[in-house]
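This briefing walks through one protein chain, topic by topic, for a reader who is new to looking at structures. Please keep the sequence and the picture in view while reading, and look up each residue as it is mentioned.

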Amino acid sequence: MTNPTLSPTPRGWARHLHLRLRLAAAGFALGMLAWSGGAPAHGDVTPQAVDTRALPQLGKDWRPENPYRKHDAAIKVGASAYNQNCARCHGLEAISGGIAPDLRKLENDCATLRDAAKKNSCVKEVDEFFAGKVRRGVTRNGAVYMPPFEAMLTQEAVWAIKAYLETRREKQL
Ligand code: HEC
């Protein structure tokens, strides 16, 4: 008798559990594929959940600062990209339910600065911080708090999301 699902031995259960985990992982992978299925095919095998072709293209080098601030089309793309990729943790319309930081507060410290130059460099620092977090995610002691999005989102999508979040700021600059 080698059927692991019928075996009452601990090893059998371990294998059974392992299989279930693998099925769960496969289901997740399929979900990710279905998720990115909305993007029109253009010969690129990289998953693209967000269509950013209508926006000015930024090239492959990451900008140190959001090039889409107050850009209406980017804000629109960013709102939908946010809802698809971030809202499940950071909350609908960026109103966090407490599981993850409230992204409306990202620039609160900048808002209290009086000096315009200091304020600008503060916002720029938040941009860099933001892009870094989104690209690489957050992992501590082996636990994934936030997944990395570098393989899923283009630079255009990441800055579009930031442009959207700038319309949701808790404190105006
Ligand atoms: C699976 C849940 C999850 C998803 C999805 C997620 N995040 Fe996060 N995010 C978190 C958690 C949890 C943290 C806090 C991590 C920590 O403890 O430092 C975080 C932190 C951040 C931070 C740093 C905030 C700060 O004040 O430290 C930014 C910026 C951020 N996320 C942006 C995004 C964006 C943009 C998206 C969508 C592209 C996104 N996140 C998707 C869970 C998530």
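Asn141 counts as exposed, because it has 4 C-beta neighbours inside 10 Å, and a residue needs 12 or fewer such neighbours to be given that label. The model is a predicted one, and the points below should be read with that in mind. The chain contains six helices and two strands, which follow one another along the sequence in the pattern α-α-α-α-α-β-β-α.

**Unusual backbone angles**

- Asn141, found in the loop between strand 1 (138-140) and strand 2, has a positive phi of about 50° although it is not a glycine.
- Most residues other than glycine have a negative phi, and for that reason such a residue is worth a second look.
- Ala94 is another non-glycine residue with a positive phi, here near 65°, and it lies in the loop between helix 3 and helix 4 (108-111).
- Is Ala94 buried or exposed? Ala94 is buried, because 23 other C-beta atoms lie within 10 Å, and the label "buried" requires 20 or more.
- Gly137, which comes just after helix 5, also takes a positive phi, of about 70°.

**The chain as a whole**

- Of the 173 residues in the chain, 23% count as buried.
- If one takes the contacts between residues at least 6 apart in sequence, 60% of them join residues at least 24 apart.
- One pair that is separated in sequence is Lys60 and Gln155, which are 95 residues apart along the chain and 7.8 Å apart in space, from C-alpha to C-alpha.
- Lys60 is found in the loop between helix 1 (10-36) and helix 2, and it is exposed because 7 other C-beta atoms lie within 10 Å.

**Helix 5**

- How does the span of helix 5 agree with the number of its residues? At 1.5 Å a residue, its 21 residues should span 30 Å, and the C-alpha atoms at its ends are indeed 30 Å apart.
- The buried residues of helix 5 are Val126, Asp127, Ala131 and Val134. They cover an arc of only 135° around the axis, and therefore they sit on the same side of helix 5.
- These buried residues pack against helix 4 and helix 6 (155-166), whereas Ala117, Lys118, Phe129 and Gly132 are exposed on the other side of helix 5.
- Lys133 also has its place in helix 5, and it counts as partly exposed because it has 16 C-beta neighbours inside 10 Å.
- Lys133 and Pro147 are 14 residues apart in sequence, and their C-alpha atoms are 9.3 Å apart in space.

**Helix 2**

- The 14 residues of helix 2 should span 20 Å at 1.5 Å a residue, and this agrees with the model, in which the end C-alpha atoms are 20 Å apart.
- The buried residues of helix 2 are Ala74, Ile75, Val77, Gly78, Ala79, Ala81, Tyr82 and Asn85, and what covers them includes helix 3 and helix 6.

**The largest nonpolar core**

- In soluble globular proteins, nonpolar side chains tend to be buried together.
- The largest nonpolar core here has 27 residues, and among these Ala74, Ala160, Ile161 and Tyr164 touch the most other members.
- Helix 2 (72-85), helix 5 and helix 6 each supply at least two residues of this core, and the largest share, eight residues, comes from helix 6.
- If residues up to four places away in sequence are left out, Ala74 touches Leu55, Tyr68, Trp159, Ala160 and Ala163.

**Around the ligand**

- Which residues come nearest to the ligand? Of the 17 residues around it, they are Cys86, Cys89, Ala100, Pro101 and Met146.
- The elements that give two or more residues to this shell are helix 3 (87-90), helix 5 (116-136) and strand 2 (143-146).
- Sorted by class, the shell around the ligand has 13 nonpolar, two polar and two charged residues.

Technical notes. Residues are numbered from 1 along each chain as its sequence is written. This is a predicted model: local features need pLDDT of at least 70, side-chain atom pairs count only at pLDDT 80 or more; totals for chains, interfaces and linings use all residues. A residue is near a molecule or strand if its C-beta atom, placed from the backbone, lies within 6 Å of it. Helices (H or I, at least four residues) and strands (E, at least two) are DSSP runs, numbered from the N terminus. Ala, Val, Leu, Ile, Met, Phe, Trp, Tyr, Cys and Pro count as nonpolar, Asp, Glu, Lys and Arg as charged, and the others, Gly among them, as polar. The expected span of a helix is 1.5 Å times one less than its number of residues. The arc is that of the directions from the helix axis to the C-beta atoms. Two residues are in contact if their C-beta atoms, placed from the backbone, lie within 7 Å. A nonpolar core is a set of buried Ala, Val, Leu, Ile, Met, Phe, Trp, Tyr and Cys residues joined through C-beta atoms within 7 Å.
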